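Welcome, and thanks for taking a look at this structure. Please have the sequence and the 3D view open as you read, and follow along from one heading to the next.

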Amino acid sequence: MGCGTSIAIENQTRPSETDGSIKHPSPALTMKAAILIQRWYRRYVAHLEMRRRYTWNIFQSIEYAGEQDQLQLSSFFSFMLDNVTQMNGNGPDLISHLLDSVVDPLTEEVRQLKYEQIVVSESYSGPRLSFPLSVTDTNALLSAFKEEQTLHGKYVLQLLYETKKFLKQMPNVIYLSTSYAKEITICGDLHGSLDDLLLIFYKNGLPSAENPYIFNGDFVDRGKKSTEIIIILFAFLLLYPDHMHLNRGNHEDHIMNLRYGFTKEVMQKYKTHGREILQLLQDVFSLLPLATVIDNKVLIVHGGISDKTDLDFLSTVERHKVKSALRLPKRSTDHLNVRSCSRSSSRHSRRSRMDSPCSSGRSSRASRRRKKHSTKQGSCSSSSSSSSSSSSVCSPRVSSRNTPRRPPPSPSLPSPTDVLQVPFLDSFVSLEPPEPPREELEWQQVVDILWSDPKNQNGCSLNSFRGGGCYFGPDVTQALLQKHDLCLLIRSHECKQEGYELCHNGQVITIFSASNYYEEGSNRGAYIKLGPELVPRFFQYQVSRSTRKLTLHQRVRVAEGSALRALKEKLYAQRSELMAAFQQYDIDNTGRISTSEWAQVVESVLRLDLPWRTLRPRLARLSADGNVEYGSCFEDISPGEPIPPVTPNLAETLYRYRTDLEIIFNIIDKDHSGQISIEEFRQTWKLFTSHLGVAVNDQTIDDMARSIDFNKDGSIDFNEFLEAFRVVHKLDVKEQQQG
């Protein structure tokens with residue numbers, strides 16, 4: 001043992017005896033190695049940043065394309081209600097109950113009594129509210145929602161009723177002032193993310209007289225806890241009316257809620273009182289203030305502004321009439337300058353009907369077929385040229401030389417013309433476009449406030465990328481701030497990777513408070529604190545259950561995978577059009593085309609402004625000769641369920657417009673049972689095919705209806721029907737089977 005010790009000591013001392021013989025690397029060699037490592041790391045970080053950026057671009061492009069689809073569908077609904085008097089007997093009646101505002105026959109006193117008389121079961125274990133609310137009530141709500149409890153429908157109705165009464169007294173523009181004793185906290189979009197709201201309250205404190213808040217719209221949709229969020233916000237609004245302020249967002253809109261989940265969430269959580277809650281919410285949302293001004297220096301709106309925005313005029317708008325910014329107020333033709341023309345000279349217009357205001361360029365089906373932009377058209381990076389602005393949600397503004405040329409109209413919608421022609425007895429009556437009435441001017445102001453985005457270039461132009469509102473440049477911002485003696489514009493409406501962004505020389509701030517908006521780890525949330533000195537302080541956070549332990553590379557990979565799956569679904573949904581376009585270049589039927597041709601085809605069909613050459617390795621294979629095997633675009637995805645016996649073209653139409661179909665089905669399903677009759681199914685298809693301009697004969701519709709009436713009881717479970725038209729990613733299926 002002693003020898004062992006001595007040997008160990010001897011071995012340990014041996015290097016010290018030969019230290020002089022060890023060769024150290026030269027400084028030049030060390031520097032060269034350091035430079036190589038640095039170059040490798042920089043390439044690695046640059047590659048990671050490239051992946052992160054195109055992932056973000058995919059998410060944002062698909063999100064805005066979805067909003068355009070919603071505008072298109074809303075335009076069709078509005079056209080049906082406003083212009084079509086009959087569609088197979090009762091077409092418009094199927095949707096009017098949700099799209100038109102409901103006239104409440106009950107007086108305020110009777111309605112309040114009705115809500116009070118709703119019986120709450122003894123088995124109900126959630127919070128019980130008493131009005132006027134107290135701190136105890138708000139604390140009970142927060143505790144209950146943390147425990148996944150649901151507030152009883154009685155208390156939701158009472159809360160909404162009291163909120164509606166309060167909001168009726170509020171002006172369109174709220175003016176606040178700071179003091180040296182407190183700061184105002186400004187939060188952006190929450191989109192149903194209760195975890196983000198609770199984290200804000202944990203980090204920044206609950207709303208109170210000493211801790212005032214402004215929430216800048218988009219409380220609902222997309223997330224699964226929208227109901228809980230509006231309950232909490234409305235409760236604090238009633239508890240601290242002078243210190244809790246809510247602006248309206250573009251998602252505080254019952255038509256938007258049909259597509260993005262809030263309507264479905266309410267009906268699932270409140271099966272008994274859901275319809276009444278939704279109807280009451282229409283009124284509450286339309287009564288939310290449109291803007292807030294702090295110390296007469298800082299303007300806060302949800303979306304942005306246009307060159308037509310006027311805060312003085314905005315203060316006079318009857319905001320409660322704008323139940324949905326997606327629907328233009330009905331127009332009267334009584335004041336139009338009418339002249340007649342002979343039927344023979346107008347034979348070509350025999351098929352034309354009075355142009356629906358909501359069927360203008362961007363709102364029609366062709367609105368999504370945008371021209372390729374030279375640069376990206378997102379926040380503060382739009383390539384739109386400077387021009388006079390116009391609200392681009394079904395905008396009816398009179399055309400001028402500065403107004404961008406309208407794209408070709410949808411075949412299923414009437415063509416917009418400078419002179420409207422309507423049949424009258426034995427001739428046609430021509431109607432000159434009138435000056436917009438006040439209702440339209442008010443509507444335009446609201447649309448611009450809720451839907452607009454900033455851009456880097458000067459000027460104000462149509463927001464063709466999103467499909468609503470306009471893009472406003474630094475000069476538009478400067479003009480508005482100078483006109484009203486303001487110094488700063490704070491807005492939300494756009495997801496930002498860091499939760500906030502400054503543009504227009506620091507005069508515009510975007511604040512977004514829903515972290516992980518697109519995918520776990522995709523973005524941070526943030527809020528602003530503003531004191532008497534009016535210098536904004538930013539606070540970032542990220543709700544994290546699984547991504548906290550992931551490296552940056554792993555987080556990027558997760559988000560990238562989710563984005564690519566969504567993009568591949570877009571490719572699959574337009575497979576026929578893509579294949580036809582690919583084959584035009586593939587004259588010899590080799591199954592291969594050049595990368596340039598592949599990128600050109602994909603962009604022209606999908607109409608998504610993305611770096612397709614960069615994305616090609618993630619979407620399609622190269623052959624040995626360096627060309628793209630275009631059929632490989634569709635190898636990773638397939639139908640999720642055996643589909644009903646329909647033609648391939650019709651099946652692809654169903655994949656592509658699945659969300660629109662679900663909206664129409666839910667509108668027709670008045671009791672939200674998930675079941676509709678075969679006759680209602682037929683009516684749905686007639687409505688939908690006229691919307692798309694797709695020719696589907698009655699026999700095809702009848703055959704499809706019979707094939708999915710599995711138990712032959714005359715009703716269809718449309719949720720099962722739609723599930724058959726959901727695509728599945730093969731790699732995901734393999735992973736699930738291996739797991």
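## A pairing to start from

This is a predicted model. A good place to begin is Val 298, which stands opposite Leu 488 of strand E13. The two strands behind this pair are E6 (residues 298–300) and E13, and they run parallel, joined over three bridges.

On its other side, E13 meets strand E15 (residues 508–511), again in the parallel sense and over three bridges. Here you can find Arg 491 opposite Thr 510 of E15.

## The six-stranded sheet

These strands belong to an open sheet of six strands, in the order E1-E5-E6-E13-E15-E14, with mixed pairing. At its edges are strand E1 (173–176) and strand E14 (500–503), each of which pairs on one side only. On average, neighbouring strands of this sheet are turned by 20 degrees against each other, direction ignored. As background, strands of a sheet pair through backbone hydrogen bonds, either parallel or antiparallel. The antiparallel sense appears between strand E5 (residues 291–294) and E6, which are joined by three bridges. In that pairing, Val 293 stands opposite Leu 299 of E6.

Which way do the side chains of E13 (residues 488–491) point? Leu 488 and Ile 490 point one way, while Leu 489 and Arg 491 point the other way. In a regular strand the side chains alternate between the two faces of the sheet. All four of these E13 residues, the arginine included, are buried.

## Helix H11

Now turn to helix H11, which covers residues 274–287. Its 14 residues, at 1.5 Å a residue, should span 20 Å, and the C-alpha atoms at its ends are indeed 20 Å apart, so the two values agree.

Is this helix largely enclosed or largely open? Twelve of the 14 residues of H11 are buried, so the helix is largely enclosed by the rest of the structure. Among the buried residues are Ile 277, Leu 278, Leu 280, Leu 281 and Phe 285, and the list also includes Glu 276 and Asp 283.

## A cavity inside

How many cavities of 30 Å³ or more does a search of the whole structure find? The search finds seven. The second largest of them holds about 70 Å³ of space.

The residues lining this second largest cavity include Phe 166, Leu 167, Met 170, Ile 174, Leu 288 and Pro 289. Helix H6 (153–168) and strand E4 (244–246) each supply at least two residues of the lining. E4 gives the most, with three residues. By class, the lining has nine nonpolar and three polar residues, and no charged ones. His 245, Asn 247 and Thr 292 are also found in this lining.

## Some unusual backbone spots

Most residues other than glycine have a negative phi, and most peptide bonds are trans. With that in mind, look at the peptide bond from Phe 131 to Pro 132, which is cis, with omega near 0 degrees. Pro 132 sits in the loop between helix H4 (108–116) and helix H5 (135–146).

Two other loop residues are worth a visit. Asp 221 has a positive phi, near 80 degrees, and lies in the loop between strand E3 (213–215) and helix H8 (226–239). With a relative accessible area of 0%, Asp 221 is buried. His 504 also has a positive phi, of about 55 degrees, although it is not a glycine. You will find His 504 in the loop between E14 and E15, and it is buried, with a relative accessible area of 5%.

## A hairpin and a three-stranded sheet

Further along the chain, strand E16 (residues 525–530) and strand E17 (residues 537–541) pair in the antiparallel sense over five bridges. Tyr 527 stands opposite Phe 539 of E17. This hairpin has six residues between its strands, and Leu 534 takes a positive phi near 60 degrees there.

To finish the tour, find the open sheet of three strands in the order E18-E20-E19, with antiparallel pairing. Its edge strands are E18 (592–593) and E19 (621–622), each pairing on one side only. E18 and strand E20 (residues 628–629) are joined over two bridges, and Ile 593 stands opposite Val 628 of E20.

Methods:
Residues numbered from 1 in each chain as written. Heavy atoms only, no water. Helix = DSSP H or I, 4+ residues; strand = E, 2+ residues; numbered from the N terminus. Expected span 1.5 Å × (residues − 1). Buried < 20%, exposed > 50% of the residue type's maximum accessible area, 1.4 Å probe, protein only. Pairing = 2+ DSSP bridges. Axes fitted to C-alpha atoms, helices over the stretch in contact; angles between N-to-C directions. 1 Å grid on protein atoms, 1.4 Å probe; cavity = no way out; pocket = protein on both sides within 12 Å on 5 of 7 lines; lining within 4 Å. Points joined across faces, edges and corners; volume = space filled by probe spheres on them. Nonpolar A, V, L, I, M, F, W, Y, C, P; charged D, E, K, R; others polar.
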